[in-house]
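Reader: Could you take me through the side-chain contacts here, up close? I'd like the aromatic rings to begin with, then the charged pairs.

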Amino acid sequence: MLQALVQACRTSLRASCKRTAAATSTGAATLQRRWASSADGPSEKESEIAQRLREQLPGARDIKVIDTSGGCGSMYQLHVTADEFRDLNIVKQHQLVARLLKEEIAQWHGFTLQTQAP
């Protein structure tokens, strides 16, 4: 199962990387790789995750969702600042976010989470 996930990520990674040749001042071509979630703004999945958090945490002041898997959607980095985290220790904050994203997290290989109260 792990090998299938790795292969799926590699295939998706190849598809989501855009390669463009750009001429340098010496006339040589350089290869630039642009990830789907970087210069093009957030991916559709990143936006969906952020929207779900905004709906469930109306006191959220800052939500950042970054696909760290290179575009295949198996690894995410989440940063959430919300009023709902006041008076909750870090473990309780993380448990709250994990409950809100339970269905999504079940589909991921992994994620990192940073939470804080304003």
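Author: A quick bit of vocabulary: buried is under 20% relative accessible area, exposed is over 50%, and partly exposed is in between (1.4 Å probe, protein chains only). Bear in mind that this is a predicted model, where local features need pLDDT of at least 70, side-chain atom pairs count only at pLDDT 80 or more, and totals for chains, interfaces and linings use all residues. Numbering runs from 1 along each chain as its sequence is written, and side-chain values use heavy atoms, with hydrogens and water left out.

On to the rings. Searching the whole structure turns up two aromatic pairs (for Phe, Tyr and Trp, with its six-membered ring, centres within 6.5 Å; stacked if the planes are under 30 degrees apart, edge-to-face if over 60, tilted for the rest). Tyr76 and Trp108 make a tilted one, with 4.7 Å from centre to centre and 45° between the planes. Tyr76 belongs to strand S4 (residues 75–82), while Trp108 sits in the loop between helix H4 (102–105) and strand S5 (110–116), so this pair ties together parts 32 residues apart in sequence. Those helices (H or I, at least four residues) and strands (E, at least two) are DSSP runs, numbered from the N terminus. Trp108 also pairs with Phe111: the ring centres are 5.5 Å apart and the planes are at 70°, so that one is edge-to-face. Put together, Tyr76, Trp108 and Phe111 form one aromatic cluster. How does each ring sit with respect to the surface? Tyr76 has 2% relative accessibility, so it counts as buried. Trp108 is buried as well, at 10%, whereas Phe111 is partly exposed at 30%.

Now the charges. The whole structure has five salt bridges (a side-chain nitrogen of Lys or Arg within 4 Å of a carboxyl oxygen of Asp or Glu). In one of them, Arg52 meets Glu104 at 3.2 Å, N to O. Arg52 is in helix H2 (residues 44–56) and Glu104 in helix H4, so the bridge ties together parts 52 residues apart in sequence. Glu104 is buried, with a relative accessible area of 13%, but Arg52 is partly exposed at 26%.

Then have a look at Asp83. Its salt bridge with Arg61 has the closest N and O atoms 3.1 Å apart. Arg61 lies in strand S3 (residues 60–67) and Asp83 in the loop between S4 and helix H3 (90–100), so parts 22 residues apart in sequence are tied together. Arg86 bridges to Asp83 too, at 3.6 Å between the closest N and O atoms, and Arg61, Asp83 and Arg86 are thus linked in a network of salt bridges. Arg61 is exposed at 56%, while Asp83 is partly exposed at 29% and Arg86 is partly exposed at 43%.
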